[in-house]
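Reader: Could you take me through one part of this protein up close, residue by residue? I'd like a connected account rather than a list.

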Amino acid sequence: ISTAQLQSQLASLNLADNGDLDAWALGGALAPDSFVLTGAAATIARTGLAMVDTFNFGSGKYAAKITRAGTDAKLTQTIIAGADFANYSRLKGRKLGVLVLGKTAIASHLRIVVDDGVTQTASTYHTGGNTAEALTALHTLSTSATKLEVRVEVNSSNGDAYVGGFQFVLSDVAPSDWQYRNNIPVATGTLAGILSAAAQVIGGVKSFL
């Protein structure tokens, strides 16, 4: 790759919200936080640590098992909604590199798609070898883009597909593998024992040694 491409990837921020699928506020039988599941009769299940199905990708405690039943299923995360996109017009013409880890036993069944409201870029399909594969896409936002979203598609055949390890970066090259999340935690959150740099409210007696 060129020096410019390398520089664009260094220190890039993962734009995927809940990319490790750690948060499932609505429960393990509904879409994880920040994702929407669509498709008539499609179902989703949380798998991984302490679940009936213990599979995960090693990119967090959990994965999501999407089951297609009759019609195509989609699991979508909106990065910038249509109502907000006018505020981020400088993204037009920029490139978004996307990686999602996937597993399915069915060929031409599982892929990812980046959609900016005008143009779409799809990854190649998972091979159907029933092992974990990195699905990647590099999308150039249209100069007329109206939104930015990434979706997993489970197409054509009924059956299960697992996904996890979502990585979305503004870069001239797509990620080659999942990396540990680097998005900034919320003000009251902790990550690996490290408190965020935002303002904190800490009650009670304090001792600093």
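Author: Here is a walk around glutamate 153 and its surroundings, with a few other spots added afterwards. Keep in mind that this is a predicted model, so everything below is computed from predicted coordinates.

A quick bit of orientation comes first. The protein has 209 residues, and 38% of them count as buried. Its secondary structure comes to 1 helix and 12 strands. Reading from the N terminus, you meet the helix and then strand after strand. Among contacts with a separation of 6 or more, 69% are between residues 24 or more positions apart. The accessible surface is about 10,700 Å², with 55% of that belonging to carbon and sulfur atoms.

Now for glutamate 153 itself. You'll find it in strand β9, which covers residues 148–154. Is this glutamate buried or exposed? Its relative accessibility is 4%, so glutamate 153 counts as buried, the cut-off being under 20%. As for what its side chain does, there is a polar contact of 3.0 Å with the side chain of asparagine 155. Setting aside residues up to four places away in sequence, glutamate 153 touches Ala73, Lys74, His109, Leu110, Arg111 and Val113. Two of those names, Ala73 and Lys74, fall in strand β4, which spans residues 73–80. Leu110, Arg111 and Val113 fall in strand β6, which runs over 110–115.

His109 deserves its own stop. Histidine 109 sits in the loop between β5 (95–104) and β6 (110–115). Along the chain it is 44 residues from glutamate 153, yet the two C-alpha atoms are 7.8 Å apart in space. With a relative accessible area of 0%, histidine 109 is buried, too. Its side chain is joined to that of threonine 104 by a polar contact of 2.9 Å. Beyond its neighbours within four places in sequence, histidine 109 is in contact with Thr104, Tyr125, Glu153, Val154, Asn155, Ser157, Asn158, Gly159, Asp160 and Ala161. Notice that Asn155 is on that list, and that asparagine 155 is also the polar partner of glutamate 153.

From glutamate 153 you can also look across to threonine 38. These two are 115 residues apart along the chain, and their C-alpha atoms are separated by 9.8 Å. Threonine 38 is in strand β1 (residues 36–38). What does threonine 38 touch, leaving out residues up to four places away in sequence? The answer is Asp72, Ala73 and Lys74. Ala73 and Lys74 are also touched by glutamate 153, so you can picture them as shared contacts of threonine 38 and glutamate 153. How covered is threonine 38? Its relative accessible area is 38%, so it counts as partly exposed.

On either side of β1 there are two backbone details to look at. Serine 34 lies in the loop between α1 (3–9) and β1, and its phi is near 75 degrees, a positive value in a residue other than glycine. That serine is partly exposed, at 33% relative accessible area. Alanine 41 is in the loop between β1 and β2 (43–48). Its phi is near 70 degrees, again positive in a residue other than glycine, and at 55% relative accessible area alanine 41 is exposed.

Strand β4 brings us to a pocket. The second largest pocket has a volume of about 220 Å³, and 13 residues line it. Strand β4 gives the most to that lining, with 4 residues. Leu15, Ala16, Thr78, Ile79 and Ile80 lie nearest the pocket's centre. By class, the lining has 7 nonpolar, 5 polar and 1 charged residues.

One more buried histidine rounds things off. Histidine 139 is in strand β8 (residues 133–140). At 0% relative accessibility, histidine 139 counts as buried. Its side chain makes a polar contact of 2.7 Å with the side chain of threonine 121. Leaving out residues up to four places away in sequence, histidine 139 touches Arg94, Lys95, Leu96, Val114, Asp116, Thr119, Gln120 and Thr121.

Terms used: Residues numbered from 1 in each chain as written. Predicted model: local features only at pLDDT ≥ 70, side-chain atom pairs only at ≥ 80, totals over all residues. Heavy atoms only, no water. 1 Å grid on protein atoms, 1.4 Å probe; cavity = no way out; pocket = protein on both sides within 12 Å on 5 of 7 lines; lining within 4 Å. Points joined across faces, edges and corners; volume = space filled by probe spheres on them. Nonpolar A, V, L, I, M, F, W, Y, C, P; charged D, E, K, R; others polar. Buried < 20%, exposed > 50% of the residue type's maximum accessible area, 1.4 Å probe, protein only. Contact = heavy atoms within 4.5 Å. Polar contact = N/O pair within 3.5 Å; in protein donor to acceptor, adjacent residues only side chain to side chain. Areas by Shrake-Rupley, 256 points an atom, 1.4 Å probe, with all protein chains shown as cover.
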